[in-house]
Amino acid sequence: MNSIDLVVFFLYIGGIALFGGSFFKRNKTPESYTVGNKDIPGWVVTMSIFATFVSSISYLALPGNAFQSNWNALVFSLSLPIATLIAVKYFVPLYRKINSPSAYTFMEQRFGAWARLYVSLCYLLTQLMRVGTILYLLALTLNAIIGWDIATIILFTGIIVAVYSMLGGITAVLWTDAIQGILLIVGALGCIIYMLFSMPEGPSQIFSIGSAYDKFSLGSFKLDFTEPTFWVVLIYGVFINLQNYGIDQNYVQRYMVLKSDKEAQRSALIGGLIYLPISVLFLFIGTALFGYYHSAETLPLELQDIVKADRVFPNFIVNALPPGLTGLMIASIFAAGMSTISTSFNSSATVFLTDYYNRYINKNASNKQHMRVLYFSSAIIGLIGVGIGIAMIDVKSALDAWWKLSSIFSGGMLGLFLLAMFSKFKYVKGAIIGMIAGILVILWMTFAGRVFGPDTIGASFHTYLTIVFGTMAIFLVGFLASYIMKPKAK
């Protein structure tokens, strides 16, 4: 790796850490730490929402996907307008009305303390594994690019992000997210421009090669629910993105930092929709990489195994880009990961303080005690996340297991929220029955095929539909159970 690239990379890391830590003096109360001082510009929140959605994994996985196959992944992004409009219309005003730092206060108001504990615990477990997974996969990528030890990268990244997110609170997270979001867009554009003008026959060659190999296809339009067709990915995207923008603390907390409902709704909408054109950029990078290497007739030896498509972009960054631009791209990948991790640190600490400490441990704690809890919980979350990331070095199958477990958690959370939002019944037993039914459906669809064979009912559906059927089961069974079991009017 060129010395110029190292300078660019370390200037970015040091600058972000110092900038984030500079907000320390503005966080004297738990309110300022968790929801800010109502003085953060709307565009910063908008970019933070976008940066939270983008991780370093999507920054690399989308180009790899497009290189290997086509633009079927874009259909996931096409679902964003549907999901964000629903979130903006129904969820954002609701959270603003409740006026709690935690998204899960609403669940206790509807179904009691058990519901709040259930969804908040699912959230915390999800974030711990999310931090560990991103740290691990980011370290794998940087290890392939610059050769550093994986455990060292995990520890280094975790400490840097934990320090500035812990010291600077939500204000530091939002501002650094905004900078990182801009950086990753600039990096992607720079990479595309370089490839366009590196083609032997000019920029149009990428489009001609891509068209010849059907690289711009959005996938099959058949009504086949066993494959990732256009319709399967679209439906999956609606549910996943509704979960993100409707119930995820990482996003809900951002809705609370702005002064008015309109500002919050605007940031939520634009922050969600920005990802659509940016995902086009990421996918175009993959198609451009295909055209770039196709024009060279042979792939580098380390990339000739098509299974390793995700390595194409990192390999291109290191071996093809000029000095300086390579450092910018590595910083962009790092930025995508750091923005996601810092969000998880701050939001998880907020949930622990609001849903556990204030609710069950010390209801009359002082501001000073609250701040200690926030700092301590952020540090603990960071340490556990680093530990999980390092543990994944030897237990690589943990990734696949976690993705399935994540589906179980997310399906249960989204279904219960939708039941609380759109059902007027407050019969708690109905909600519990619905939740159990949904989790059973998700478990069945996840594991039945392995236990009883691929022809088992429910096992033949594509795994993308697991959260869809699980969420629908919770809502429909919970609604019917509440209706049937509701107390009779006297």
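Me: What makes Cys-191 and Tyr-194 count as residues that Phe-316 touches?
Reply: A contact takes heavy atoms within 4.5 Å, and Phe-316 has that with Cys-191, Tyr-194, Met-195, Leu-289, Tyr-292, Tyr-293 and Leu-321, leaving out residues up to four places away in sequence. Mind that this is a predicted model, where local features need pLDDT of at least 70 and side-chain atom pairs pLDDT 80 or more, while totals for chains, interfaces and linings use all residues. Residues are numbered from 1 along each chain as its sequence is written, and side-chain values use heavy atoms, without hydrogens and water.

Me: Why is the set with Phe-316 called a nonpolar core?
Reply: Because its members are buried Ala, Val, Leu, Ile, Met, Phe, Trp, Tyr or Cys residues joined through side-chain atoms within 4.5 Å. The largest such core has 141 residues, and Tyr-255, Phe-313 and Phe-316 touch the most other members. Helix H9, residues 150-196, gives the most, 18 residues; a helix here is a DSSP run of H or I, at least four residues, numbered from the N terminus.

Me: How do you know that Asp-261 and Arg-96 meet in a salt bridge?
Reply: The cut-off is a side-chain nitrogen of Lys or Arg within 4 Å of a carboxyl oxygen of Asp or Glu. This pair comes in at 2.9 Å, N to O, so it passes the test. Asp-261 sits in helix H13 and Arg-96 in helix H6, so the bridge ties together parts 165 residues apart in sequence.

Me: Why does Arg-96 count as buried?
Reply: Buried means under 20% relative accessible area, exposed over 50%, partly exposed in between, with a 1.4 Å probe and protein chains only. Arg-96 has 13%, so it's buried, whereas Asp-261, at 36%, is partly exposed.

Me: What makes Glu-108 part of a network?
Reply: Glu-108 pairs with Arg-116 at 2.7 Å and with Arg-359 at 2.2 Å. Salt bridges link Glu-108, Arg-116, Asp-355 and Arg-359. Glu-108 is in helix H7 and Arg-359 in helix H16, so that pair joins parts 251 residues apart in sequence. Arg-116, at 7%, is buried; Arg-359, at 25%, is partly exposed.

Me: What makes Pro-30 and Thr-354 lining residues of the second largest pocket?
Reply: On a 1 Å grid over the protein atoms alone, a pocket is an open set of points where a 1.4 Å probe fits, with protein on both sides within 12 Å along at least five of seven lines; lining residues have an atom within 4 Å of a point. Pro-30 and Thr-354 are among the 14 residues that line this pocket, and among those closest to its centre. Helix H2 gives the most to the lining, with 4 residues.

Conventions:
Helix = DSSP H or I, 4+ residues; strand = E, 2+ residues; numbered from the N terminus.
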